[in-house]
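Let's take a look at this one together. Please have the sequence and the coordinates open as you read.

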Amino acid sequence: MIQLCCAFGGRSDEYEVSLQSAYAVLGSVDRNKYNLIRLGITRDGRWFHYTGPDEKIADGSWVDDSAHLCAAHLSQNYKDRTLYTDNGALAIDVFFPIMHGSFCEDGTLQGMLSLCGIPFVGSGCAASAVCMDKALTKQLIRLTGIPQADAVVARRAQVEKDPEAVCKTAEDRFPYPMFVKPARTGSSVGVSKAKDRAGLLAAIKSAARFDDKLLIEEYIPGHEFEVAVLGNDAPEASCVGEIVPGKEFYDYQNKYSDHTASYHVPARLPAETAELIRSYAVQVFRTLGCAGLARVDFFSDGQQVVFNEINTLPGFTPISMYPKLWIHDGLSYPELIDRLVTLALSAS
Ligand SMILES: Nc1ncnc2c1ncn2[C@@H]1O[C@H](COP(=O)(O)OP(=O)(O)O)[C@@H](O)[C@H]1O
Ligand SMILES: [Mg+2]
């Protein structure tokens with residue numbers, strides 16, 4: 001039996017998304033192969049070994065289930081691979097961070113796991129940190145020649161000191177509408193579309209609340225397309241999925257609560273455009289030094305393809321694209337988890 005430590009929650013704005021992702025993963029793991037260790041991390045960063053029902057993870061009440069919570073911490077000794085709890089020690093073979101965003105997906109946790117010598121699912125410290133930062137990602141992808149939205153990068157201090165000047169720099173580069181986003185959030189947190197100067201001023205101030213670095217991007221028309229990539233040295237791309245946002249853009253409500261977005265798997269695209277997207281996805285994955293898994297997102301009007309962003313720990317909720325794309329390609333959810341664990345063990 002493999003001791004699989006599934007971590008959920010975490011200190012990011014995507015805490016709730018993580019709970020849904022974790023619930024889905026926990027429900028699909030092959031119990032004949034894996035012993036599950038549930039490691040819950042609260043919004044304020046406390047670690048607990050959780051032994052209660054998975055339903056309480058899904059509805060968020062796990063954190064109040066004190067009868068099933070036990071304070072826990074990892075041994076930092078290299079290759080000790082042990083989770084110490086108030087009730088004893090648990091051996092860990094593989095760590096699966098089923099979490100998204102800051103302190104989960106941005107290289108901090110990955111650096112700590114590397115220090116501890118614990119194999120883990122997904123990209124390492126450097127690739128995770130670069131992929132979490134949309135400004136750094138853009139700089140590296142520029143070297144590949146893959147098309148992407150032009151962008152102006154601004155700091156919170158500039159937004160506070162002279163917001164009009166920040167707007168002017170963007171207006172000199174591209175027309176309205178523009179997209180404004182924090183450099184290091186996910187799930188559309190802090191993202192807005194600005195149609196004029198007043199909208200842009202509000203958008204940069206809003207994005208600056210979430211991060212001290214933000215991007216103002218030119219608007220890219222077209223639908224959104226996502227590709228799941230799986231592998232280490234020989235990454236494979238899934239078929240392409242298509243998202244049609246239910247409103248102006250694919251925002252947080254659209255992603256997780258109002259269910260108005262529609263999905264097409266495979267995407268309604270000419271075969272050669274889909275192939276181009278798949279090959280770009282693998283190129284992006286390799287360029288950024290990813291491992292294990294990533295979801296790579298694009299815009300396309302059917303002909304031209306524009307890279308948008310990469311997620312090194314994409315959503316695993318029942319409506320998430322990453323597992324959906326592999327299921328379409330014939331890899332079941334339990335098989336997918338198996339592949340991820342095998343990749344984690346072979347990378348360490
Ligand atoms: N440059 C752009 N042009 C058009 N739409 C955009 C642009 N940037 C972002 N969007 C819209 O905003 C959504 C969220 O932005 P994204 O960069 O993917 O951030 P997140 O990491 O939060 O998912 C996208 O799915 C898309 O609908
Ligand atoms: Mg996105």
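## A proline to start with

In which loop does Pro177 lie? Pro177 is found in the loop between α7 (163-173) and β9. Keep in mind as you browse that this is a predicted model. The peptide bond that joins Tyr176 and Pro177 is cis, with an omega of about -5°.

## Other backbone features worth a look

A cis peptide bond also joins Val265 and Pro266, and here omega is about 0°. To find Pro266, go to the loop between β14 (262-264) and α10 (271-287).

Lys79 is worth a visit too: its phi is positive, at about 60°, although Lys79 is not a glycine. This lysine lies in the loop between β4 (69-74) and β5 (82-85).

## Where ligand 1 sits

Now for the ligand. The largest pocket is the space taken by ligand 1. Three elements each give two or more residues to the shell around ligand 1, namely β9 (178-182), β11 (213-218) and β16 (305-311). β9 also marks one end of the loop that holds Pro177, so to speak a familiar landmark by now.

Two domains share in the shell around ligand 1: domain 2 (130-146 + 221-347) and domain 3 (151-218) each supply at least three residues.

## Who surrounds the ligand

How many residues surround ligand 1? There are 19, and the closest are Lys134, Lys181, Ser188, Glu217 and Glu224. By type, the shell around ligand 1 divides into seven nonpolar, five polar and seven charged residues.

## Polar contacts and cover

If you zoom in on the ligand, a few atom pairs are easy to pick out. An oxygen atom of ligand 1 is 2.4 Å from an N or O atom in the side chain of Glu224, a residue listed among the closest to the ligand. The side chain of Asn308 also places an N or O atom 3.1 Å from an oxygen atom of ligand 1. With Glu218 the partner is in the backbone: a polar backbone atom of this residue is 2.9 Å from a nitrogen atom of ligand 1.

How much of the accessible area of ligand 1 does the protein cover? On its own, ligand 1 has 540 Å² of accessible area, and the protein covers 97% of that.

How values were computed:
Residues are numbered from 1 along each chain as its sequence is written. Chains are lettered from A and ligands numbered from 1 in the order in which they are written. This is a predicted model: local features need pLDDT of at least 70, side-chain atom pairs count only at pLDDT 80 or more; totals for chains, interfaces and linings use all residues. Side-chain values use heavy atoms; hydrogens and water are left out. A residue is near a molecule or strand if one of its heavy atoms lies within 4 Å of it. A polar contact is a pair of N or O atoms within 3.5 Å; within protein, one must be able to donate a hydrogen and the other to accept it, and residues adjacent in sequence count only if both atoms are side-chain atoms. Accessible areas come from the Shrake-Rupley method with a 1.4 Å probe; for residues, only the protein chains shown count as cover. On a 1 Å grid over the protein atoms alone, a cavity is a set of points where a 1.4 Å probe fits but cannot get out, and a pocket is an open set with protein on both sides within 12 Å along at least five of seven lines; lining residues have an atom within 4 Å of a point. A molecule sits in a cavity or pocket if more than half of its atoms lie within 2 Å of its grid points. Helices (H or I, at least four residues) and strands (E, at least two) are DSSP runs, numbered from the N terminus. Ala, Val, Leu, Ile, Met, Phe, Trp, Tyr, Cys and Pro count as nonpolar, Asp, Glu, Lys and Arg as charged, and the others, Gly among them, as polar. Domain bounds come from an automatic or database domain assignment.
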